[in-house]
Amino acid sequence: MDSDALNTFLVVHRRGGISNAAKALHRSQPAISRRIALLEQELGVPLFERIAGKTRLSDAGRVMVPYAERAVAAVQDAENAVRALLRDNSGPVALAVTGTLAGERLSKVLKRLASQHPDVDLTLRTATSAEVSDLIRRGDATIGLRYDRDRSRDLDCEVLFAERLLVVCAPGHPRAGRRVARLAELRGERWIAFPIVPGRREITASHVFALFQTHGLGEVSWTPVDSLTAQKRLVEAGFGIALLSESNAAEELGRSAISTIGVGDLAASHHVVTVTRRGGFLSAASRLLLKTIRAEYSGPKP
């Protein structure tokens, strides 16, 4: 069993079949099929099944996935470690960031890195918090920035800061700039939030519901909107209120496009954390990026 066979297995799984995997790996379909067949022969069990015309993982395949991911990532770590000996503060670094954290602070991180270390070849991907962890675990990204800790034993999480969550509304809302004593007073409002997606750690409707349920208030009416920018535009227009992190609301609050409603019995926040693979190799360039992120996100708010 070698890393190429394991990587081929993972690509077939992620791409949903032999044909798509062949395109991704720039190989012929017979070559991919043969690679999988040899791996299955070595293990003595089938790794995939054909169900309703689709390629699905077998029970053995599902067990295999996390081990294959770790093995392939370890090989990539070894390659990176050797290549890093030839470079000083240069080379590729892959950063994965939760979409709603791709704001002003991240811009400052990228500008500082580009100006001080122009030889660093940075790639950036946005994803949900759960997807950020998966990218790090698989070795598809080196450093992740997401909300809340991931308890996986494969990952190391470092809390940068706890960010306040604010209830925001249109400037013309009857409660704009005012304070209510209890969250219960906002039960009749229409809330705007991300749709409920399994594994998503952003401020979804389920997050808002949880706050109300914690206060014994049950669920509330809401509008699902899968875009932070669209959420803020709807709030500005008066179509509902939302729970936003302080940094995500800062620009609109600064130009008075939205306002806040203070809530006496609500103290909500979430952690912003970095994610790296436990025991994974960090090149000099990766350590520079991590240091820059710590300096920007752990410092005073913009």
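This tour moves through a predicted model, from the whole chain to selected residues and charged pairs.

**The whole chain**

Begin with the full protein chain, coloured by secondary structure; it comprises 10 helices and 13 strands. Of its 302 residues, buried ones make up 44%. Switching to a surface representation shows an accessible surface of about 15300 Å², with 50% of that area belonging to carbon and sulfur atoms. If contacts are drawn between residues at least 6 apart in sequence, 74% of them join residues at least 24 apart.

**Helix α1**

Next, select residues 3–15, which form helix α1. The helix has 13 residues and reaches 18 Å from its first C-alpha to its last, close to the 18 Å expected at 1.5 Å a residue. Display the side chains of A5, L6, T8, F9, L10, V11 and V12, which are buried. Then add D2 and D4 at the start of the helix: a side-chain oxygen of D2 comes within 3.2 Å of the backbone nitrogen of D4. Just after α1, select G16, where phi is positive, at about 85°.

**H173 and its surroundings**

Move to H173, in the loop between β6 (155–169) and β7 (179–180). Is H173 buried or exposed? Its relative accessible area is 17%, which lies under the 20% cut-off, so H173 counts as buried. Leaving aside residues up to four places away in sequence, H173 touches E189, I241 and I261. Show R175 as well, since its backbone nitrogen lies 2.9 Å from a polar atom of the H173 side chain.

**The R175–E189 pair**

Keep R175 selected and add the side chain of E189: the two meet in a salt bridge, at 3.4 Å from N to O. This pair links distant parts of the chain, with R175 in the loop between β6 and β7, E189 in the loop between β7 and β8 (191–193), and their positions 14 residues apart in sequence. R175 is partly exposed, at 25% relative accessible area, whereas E189 counts as buried at 17%. E189 is thus a partner of R175 in the salt bridge and one of the residues touched by H173.

**Charged pairs involving helix α9**

The structure holds 22 salt bridges. Side chains of opposite charge can pair when their charged atoms come close. Select E246 and R164, which form a salt bridge with their closest N and O atoms 2.9 Å apart. E246 belongs to helix α9 (residues 246–254) and R164 to strand β6, so that distant parts of the chain, 82 residues apart, are linked. R164 is partly exposed, with a relative accessible area of 46%.

Remain on α9 and select E252 together with R233; their side chains meet in a salt bridge at 2.8 Å, N to O. R233 lies in helix α8 (residues 228–237) and E252 in helix α9, so the pair ties together parts that are 19 residues apart in sequence. Which of the two partners is buried? E252 is buried, with a relative accessible area of 3%, while R233 is partly exposed at 33%.

**A shared network**

As a last selection, take R70, D134, R137, R146, D150 and D154, which are joined into one network by salt bridges that share partners.

Notes
Residues are numbered from 1 along each chain as its sequence is written. This is a predicted model: local features need pLDDT of at least 70, side-chain atom pairs count only at pLDDT 80 or more; totals for chains, interfaces and linings use all residues. Side-chain values use heavy atoms; hydrogens and water are left out. Helices (H or I, at least four residues) and strands (E, at least two) are DSSP runs, numbered from the N terminus. Buried means under 20% relative accessible area, exposed over 50%, partly exposed in between (1.4 Å probe, protein chains only). A polar contact is a pair of N or O atoms within 3.5 Å; within protein, one must be able to donate a hydrogen and the other to accept it, and residues adjacent in sequence count only if both atoms are side-chain atoms. Contact means heavy atoms within 4.5 Å. The expected span of a helix is 1.5 Å times one less than its number of residues. A salt bridge is a side-chain nitrogen of Lys or Arg within 4 Å of a carboxyl oxygen of Asp or Glu. Accessible areas come from the Shrake-Rupley method with a 1.4 Å probe; for residues, only the protein chains shown count as cover.
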